[in-house]
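Work through the following exercises with the sequence and the structure at hand. Attempt each task before reading its solution.

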Amino acid sequence: MVPSPCINICQMDANNGLCLGCYRTIGEITDWSRLDDVAKTNILAAVTRRRQEYDFCEDVLRCDSHRND
């Protein structure tokens with residue numbers, strides 16, 4: 001059984017359509033309970049990539065804001 005990545009921070013980001021807590025799309029969230037383990041594992045891989053991309057963007061934004069100080 002593949003555990004859900006949900007961390008109970010359920011708010012969708014209007015800019016990218018991802019949950020701010022688990023980095024899943026609304027479709028991935030609603031389908032999760034009906035998916036097999038292979039599909040869930042694929043979503044978790046996508047979540048990992050999204051988290052890295054999002055965290056990278058946040059770091060860049062912080063760096064840019066510090067340069068302007």
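The model is predicted, and the exercises below refer to that model.

**Exercise 1.** Determine whether Glu28 is buried or exposed, and identify the salt-bridge partner of its side chain.

*Solution.*
Step 1. The relative accessibility of Glu28 is 15%. Buried means under 20%, so Glu28 counts as buried.
Step 2. The side chain of Glu28 forms a salt bridge with that of Arg50, with an N to O distance of 2.7 Å. The cut-off for such a pair is 4 Å.
Step 3. Glu28 belongs to helix α1 (residues 26-31), whereas Arg50 belongs to helix α2 (residues 37-67). The two residues are 22 residues apart, and their pairing links distant parts of the chain.

**Exercise 2.** State how many salt bridges the model contains, and describe the one formed by Arg34.

*Solution.*
Step 1. The count comes to two salt bridges.
Step 2. Arg34 pairs with Asp31 through their side chains, at 2.8 Å from N to O.
Step 3. With a relative accessible area of 62%, Arg34 is exposed, because exposed means over 50%. Asp31 has a relative accessible area of 32% and is partly exposed.
Step 4. A general principle applies to such pairs: side chains of opposite charge can pair when their charged atoms come close.

**Exercise 3.** Describe the surroundings of Tyr23: its place in the largest nonpolar core, and its contacts beyond four places in sequence.

*Solution.*
Step 1. The largest nonpolar core has five residues, and Tyr23 is in it together with Val2, Trp32, Ile43 and Val47.
Step 2. When neighbours within four places in sequence are set aside, the contacts of Tyr23 are Leu18, Glu28, Val47, Arg50, Arg51, Tyr54 and Asp55. Both partners of the salt bridge between Arg50 and Glu28 are therefore in contact with Tyr23.
Step 3. Arg49 lies in helix α2 and is partly exposed, at 48% relative accessibility. Its C-alpha atom is separated by 9.4 Å from that of Tyr23, and the two residues are 26 residues apart along the chain.

**Exercise 4.** State how many cavities of 30 Å³ or more are found, and which residues line the largest cavity.

*Solution.*
Step 1. The count comes to one cavity of 30 Å³ or more. The volume of the largest cavity is about 30 Å³.
Step 2. Its lining consists of Asp13, Asn16, Leu18, Cys19, Leu20, Tyr23 and Tyr54.
Step 3. Sorted by character, the lining has five nonpolar residues, one polar residue and one charged residue.

Technical notes: Residues numbered from 1 in each chain as written. Predicted model: local features only at pLDDT ≥ 70, side-chain atom pairs only at ≥ 80, totals over all residues. Heavy atoms only, no water. Core = buried A, V, L, I, M, F, W, Y, C linked by side-chain atoms within 4.5 Å. Buried < 20%, exposed > 50% of the residue type's maximum accessible area, 1.4 Å probe, protein only. Contact = heavy atoms within 4.5 Å. Helix = DSSP H or I, 4+ residues; strand = E, 2+ residues; numbered from the N terminus. 1 Å grid on protein atoms, 1.4 Å probe; cavity = no way out; pocket = protein on both sides within 12 Å on 5 of 7 lines; lining within 4 Å. Points joined across faces, edges and corners; volume = space filled by probe spheres on them. Nonpolar A, V, L, I, M, F, W, Y, C, P; charged D, E, K, R; others polar.
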